[in-house]
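Hi everyone, thanks for making time this morning. I'd like to walk you through one structure, so please have a look at it while I talk.

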Amino acid sequence: MIKKRVVKIFALTLATITAIGLTSCGSKSKSDLEYVKDKGTLVVGLDDTFAPMGFRDKDDNLVGFDIDLAKVVAKKMGLKIKFQPIDWAAKEGELKAKNIDCVWNGMSATTDRQKSMSLSNKYLKNRILIMSLDPNVKVNSAADLKNIKIGTQADSAALEAIKKSDNYKDFKDNVSEYKTYDEAILDMKAGRIKAVAIDEVYAIYNNKNKDTLYESPFNFGADYYAVGFRKGDKKLTKEFNKAFKEVIDSGEAQQISEKWFGKNLVVFEGYDK
């Protein structure tokens, strides 16, 4: 009798453990896409001071190219959207903690980010331009920068592109870093620098709303933007790319680009293996 009772208790215990294990496995098996679909909302992390991608207008409304585009893509995915301002330096930590579902704010698709995040296809082709308030300042090659003082924003894609130049060692002493592009332009007005290395998207916004800058023949090349998801979020990234392609095919992406930049800068490109 005692033996039968022990066997019965053991069987019940084993069944309970198995049930808990299956429940646990079931919860762990939920994909990243299901996680977001269940919430019904895509939480976008951004720096809300980066004009014209995502920034506050005079009435403190969140506006910008990425803001308009994100709303349309989320709708295609059948999701609501929430914009969450973050400390840009902590973006990967915010992703891992699931405080946000993606980073979408003019983020360069660097090699390091391709390794640390699941990136969407490249969606915008930005360029790093050399521009001046003086139309007579012409930089025809990187070698010319040996004789011209330039400024750029610290920790920017522009600064990264400058440092990758084959001629960097020859002109690095002429490069000044600033907290923002606006501060660099103010120093150019004061005559302390002659030109700035600047994102094309910001230069377009600046010329439309602030000072007129003149582009030099030489530039530091393309800087592609992408949306960053958690490293393991492959299904969500794939679903995002599908929705984004639909927005491109419908012509909506081009309309948004022309609204903010006066031309179509939207692309849809993968990565070299």
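I'll begin with the chain as a whole, then go through the sheets, and finish with a pair of helices.

One thing to keep in mind throughout: this is a predicted model. The protein chain has 273 residues, and 45% of them count as buried. Its secondary structure comes to 11 helices and 14 strands. If you take the contacts between residues at least 6 apart in sequence, 75% of them join residues at least 24 apart. As for the surface, the chain exposes about 14,800 Å², and 51% of that is supplied by carbon and sulfur atoms.

Now to the sheets, starting with the one made of three strands. It is open, the order is S2-S3-S4, and the pairing is antiparallel. S2, at 49–50, and S4, at 62–63, are the edge strands with a single partner each, so one side of each has no neighbour in the sheet. If you zoom in on S2 and S3, you'll find two bridges joining them, with S3 covering residues 54–56. Which residue in S3 is the bridge partner of Thr 49? That would be Phe 55.

Next, the sheet of five strands. This one is also open, with the order S5-S1-S6-S13-S7, and here the pairing is mixed. Its edges are S5, at 80–85, and S7, at 118–119, each pairing on one side only. Inside the sheet, S6 (residues 102–103) and S13 (residues 228–229) pair in the antiparallel sense over two bridges. To find that spot on your screen, look for Val 103, whose bridge partner in S13 is Gly 228.

Let me turn to a strand I rather like, S11, at residues 195–199. Is S11 enclosed or open to the outside? Five of its five residues are buried, so S11 is largely enclosed by the rest of the structure. It pairs with S8 (residues 122–132) in the antiparallel sense, over four bridges. There, Ile 130 stands opposite Ala 197 of S11. S11 also pairs with S9 (residues 150–153), but that pair runs parallel, joined by two bridges. In this case Ile 150 has Ala 195 of S11 as its bridge partner.

Finally, the helices. H3 spans residues 65–76 and lies across two strands of the five-stranded sheet we just saw. Those two are S1, at 41–46, and S5, and H3 runs at about 145 degrees to S5.

H3 also meets helix H10, residues 234–249: their axes come within 9 Å and cross at roughly 115 degrees. The two helices are therefore roughly perpendicular to each other, and H3 passes H10 in a right-handed crossing.

Which residues make this contact? From H3 we have Leu 69, Val 72, Val 73 and Lys 76, and from H10 they meet Phe 240, Ala 243, Phe 244, Glu 246 and Val 247.

One last residue before I stop: Lys 75, which is also in H3. Is Lys 75 buried or exposed? It is exposed, because its relative accessible area is 70% and the cut-off for exposed is over 50%. Its C-alpha atom is separated by 8.8 Å from that of Ala 243, although the two residues are 168 apart along the chain.

That's my tour, and I'm happy to go back to any part of it.

How values were computed:
Residues numbered from 1 in each chain as written. Predicted model: local features only at pLDDT ≥ 70, side-chain atom pairs only at ≥ 80, totals over all residues. Heavy atoms only, no water. Pairing = 2+ DSSP bridges. Buried < 20%, exposed > 50% of the residue type's maximum accessible area, 1.4 Å probe, protein only. Contact = heavy atoms within 4.5 Å. Areas by Shrake-Rupley, 256 points an atom, 1.4 Å probe, with all protein chains shown as cover. Axes fitted to C-alpha atoms, helices over the stretch in contact; angles between N-to-C directions. Parallel < 35°, antiparallel > 145°, perpendicular 65-115°, else oblique. Left-handed = near helix turned anticlockwise from the far one by under 90°.
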